[in-house]
Amino acid sequence: MGIFKSGQDMDKIEKLADYIDHSSAIVATTGAGISISGGGVTYGQMRFSGVRVGAGRGSGEGKNSFLYNFRQQMFFYDPSFSHYALKELEDEGKLMGIITTNVDCMHTKAGSRNVAEIQGSFQVNCCANCGRHYDTYEIWNQDDLPRCESCGGEIQPWPLYSHIGLWDVDVTKARKWISEADLILAIGTHGNYGGVYWNYRNPEAPVIQINPGHTAFDSVAVLNIREGCDDVFRKLKERRESNG
């Protein structure tokens, strides 16, 4: 892009800061790594808690186990530093949207407004009996499984009652954002889900990956930062503040 202020000898955090400072339509794509950094459980850990997520109704015991683990994620832990850092970028007018495969609602809890939850969400809930929607994660903040106010039926989150797949409303948003992005941040995620949204990306938008491990983004990223995302965003905040 030719935007670096100090040439190619700049360190990676400085390069990241420079890319962000020269961008106005950033899209972040996030996965389990951004939630793990805040102490929460991952989607995979919830999945193997006694109920096959996306496989339908499952047993009552399995659902209660799943609810316990979800509550542990959603209500016992706060969003990570990285969740809040993305919210601040949105407030600056830099971040256009977040595309996430996480179902823990932590981006919303951190205050982000433009979030595409392409794997489904505990913010999209439906009565398994009458179909009435309860589209807020707060209904899960109780001891018992929530019941429908209309018919008493069991309320299930989208990944359960509709099987694991794609939440079309948010997939549409994800495709639009990625096609208009001028910078893409891949944070704590391993797959790009090509046909879902990645193949729609603006080919001119540089990709920066923040992940301690190797992923599908390695070969397309102009910058790979092999650190945990919270450490990176703390350093980024300090660098941007020192740069004025």
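A residue is called buried here when its relative accessible area is under 20%. Glu-14 has a relative accessibility of 13%, so this residue counts as buried. Glu-14 belongs to helix α1, which covers residues 12-21, and is a good place to start a tour of this predicted model.

The chain contains nine helices and eight strands. Of its 244 residues, 53% count as buried. Many of the contacts bring together distant parts of the chain: among those between residues at least 6 apart in sequence, 60% join residues at least 24 apart.

How confident is the prediction, and which stretches call for care? The average pLDDT of the chain is 84, and 78% of the residues score at least 70. Residues 1-9, however, have a pLDDT below 50, and in the model this stretch makes 14 contacts beyond near neighbours in sequence. The pLDDT is also below 50 over residues 45-59, a stretch with 33 contacts beyond near neighbours in sequence. Where pLDDT is low, the predicted coordinates should not be read in detail.

The next feature is the sheet. Six strands make up an open sheet with parallel pairing, and their order is β3-β2-β1-β6-β7-β8. At the edges are β3 (115-117) and β8 (223-225), each of which pairs on one side only. On average, neighbouring strands of this sheet are turned by 15° against each other, direction ignored. Strands of a sheet pair through backbone hydrogen bonds, either parallel or antiparallel.

Strand β6 can be followed through its pairings with β1 and β7. Strands β1 and β6 run parallel and are joined by five bridges, with Ala-28 standing opposite Leu-185 in β6. Strands β6 and β7 also run parallel, joined by four bridges, and here Ile-184 stands opposite Val-207 in β7. Further along the sheet, β7 (residues 207-210) pairs with β8 in the parallel sense over three bridges. One of the partnerships between these two strands links Ile-208 to Leu-223 in β8.

Is β6 enclosed or exposed? Five of the five residues of β6 are buried, so this strand is largely enclosed by the rest of the structure. In a regular strand the side chains alternate between the two faces of the sheet. In β6, Leu-183, Leu-185 and Ile-187 point one way, while Ile-184 and Ala-186 point the other way, and all are buried.

Helices lie across these strands. Helix α5 (residues 81-91) lies across β1 (26-30), β2 (95-100) and β6 (183-187), and runs at about 145° to β2. Helix α9 (residues 229-243) lies across β6, β7 and β8, and runs at about 120° to β7.

Which residues does Leu-236 contact beyond its neighbours within four places in sequence? Leu-236 is located in helix α9, and its contacts are with Ile-13, Leu-16, Ala-17 and Ile-20. With a relative accessibility of 3%, Leu-236 counts as buried. The tour now returns to Glu-14: the C-alpha atoms of Leu-236 and Glu-14 are separated by 7.6 Å, although the two residues are 222 residues apart along the chain. Glu-14 and Arg-239 are 225 residues apart in sequence, yet 7.0 Å apart in space, C-alpha to C-alpha.

Aromatic side chains add further detail. The structure holds four aromatic pairs. In one of them, the rings of Tyr-197 and Trp-198 have centres 6.2 Å apart and planes at 90°, so this pair is edge-to-face. Both Tyr-197 and Trp-198 are buried. Trp-198 also forms an edge-to-face aromatic pair with Phe-217, at 5.2 Å centre to centre and with 80° between the planes. Trp-198 lies in the loop between β6 and β7 and Phe-217 in the loop between β7 and β8, so their pair ties together parts that are 19 residues apart in sequence. Phe-217 is buried, as is Trp-198. Together, Tyr-197, Trp-198 and Phe-217 form one aromatic cluster. Elsewhere, an aromatic ring meets a charge: the charged end of Arg-234 sits over the ring of Phe-81, 4.7 Å from its centre.

Conventions
Residues are numbered from 1 along each chain as its sequence is written. Side-chain values use heavy atoms; hydrogens and water are left out. Two strands pair if DSSP finds at least two bridges between them. Axes are lines fitted to C-alpha atoms, for helices over the stretch in contact, and angles run from 0 to 180 degrees between N-to-C directions. Contact means heavy atoms within 4.5 Å. pLDDT is the predictor's confidence in each residue, from 0 to 100. Rings of Phe, Tyr and Trp (its six-membered ring) pair if their centres lie within 6.5 Å; planes under 30 degrees apart count as stacked, over 60 as edge-to-face and the rest as tilted. Buried means under 20% relative accessible area, exposed over 50%, partly exposed in between (1.4 Å probe, protein chains only). A charge sits over a ring if NZ of Lys or CZ of Arg is within 6 Å of the ring centre and within 35 degrees of the ring normal.
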